[in-house]
Amino acid sequence: MTVPVRPSARCRALVLELSRYLDGDLTPARRRTVERHIKACACCGAMAARLRKTMAVCRAEGKRRPPRAVMSRAAERIRVLIAREGRRSPVRSV
Ligand SMILES: [Zn+2]
């Protein structure tokens with residue numbers, strides 16, 4: 001309660017790795033770090049789930065991976081979420 005969650009730095013780093021993680025492109029150590037984070041972090045967890053779904057759809061349609069625009073749009077959305085989280089002050093209201 002007294003310790004505000006500060007997702008910004010970690011989440012930002014994770015966003016950069018999320019698509020590579022879903023691509024299976026990370027080392028086992030990095031994979032584990034990302035996995036642990038998306039389990040503990042609501043915004044990254046939701047984003048990972050959405051990205052995974054997007055990739056599954058693309059795969060079902062016969063494409064190897066989602067178009068780059070889709071991935072960057074998702075990353076952009078995460079960035080907005082993170083920015084919103086960081087701005088919200090848990091102590092002050094009004
Ligand atoms: Zn996060």
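In the predicted model, residues 24 or more positions apart account for 54% of the contacts in the chain with a separation of 6 or more. The chain contains four helices and zero strands, and its elements follow the order α-α-α-α from the N terminus on. Of its 94 residues, 28% count as buried. The accessible surface of the chain amounts to about 7300 Å², and carbon and sulfur atoms contribute 54% of this area.

A zinc ion is bound by the protein donors Cys-11 (SG), His-37 (NE2), Cys-41 (SG) and Cys-44 (SG). These donors lie 2.1 to 2.3 Å from the zinc ion, and their spacing along the chain is C-x25-H-x3-C-x2-C. The angles subtended by the four donor atoms around the zinc ion are 104 to 114°. The arrangement is therefore tetrahedral, since four donors are assigned to this class if all angles lie between 85 and 135 degrees. For comparison, the ideal angle for four tetrahedral donors is 109.5 degrees.

The surroundings of the donor residues were also examined. His-37 is located in helix α2, which spans residues 28–40. When residues up to four places away in sequence are not counted, His-37 touches Arg-10, Cys-11, Leu-14 and Cys-44. Among these contacts of His-37 are two further zinc donors, Cys-11 and Cys-44. The relative accessible area of His-37 is 13%, and this residue is therefore buried, the cut-off being under 20%. Cys-41 likewise has a relative accessible area of 13% and is buried. Cys-44, with a relative accessibility of 1%, also counts as buried.

How values were computed. Residues numbered from 1 in each chain as written. Predicted model: local features only at pLDDT ≥ 70, side-chain atom pairs only at ≥ 80, totals over all residues. Heavy atoms only, no water. Donors = N, O, S within 2.8 Å, 3.2 Å for Na, K, Ca; no water. Tetrahedral: all angles 85-135°; square planar, octahedral: opposite > 155°, others 65-115°. Buried < 20%, exposed > 50% of the residue type's maximum accessible area, 1.4 Å probe, protein only. Helix = DSSP H or I, 4+ residues; strand = E, 2+ residues; numbered from the N terminus. Contact = heavy atoms within 4.5 Å. Areas by Shrake-Rupley, 256 points an atom, 1.4 Å probe, with all protein chains shown as cover.
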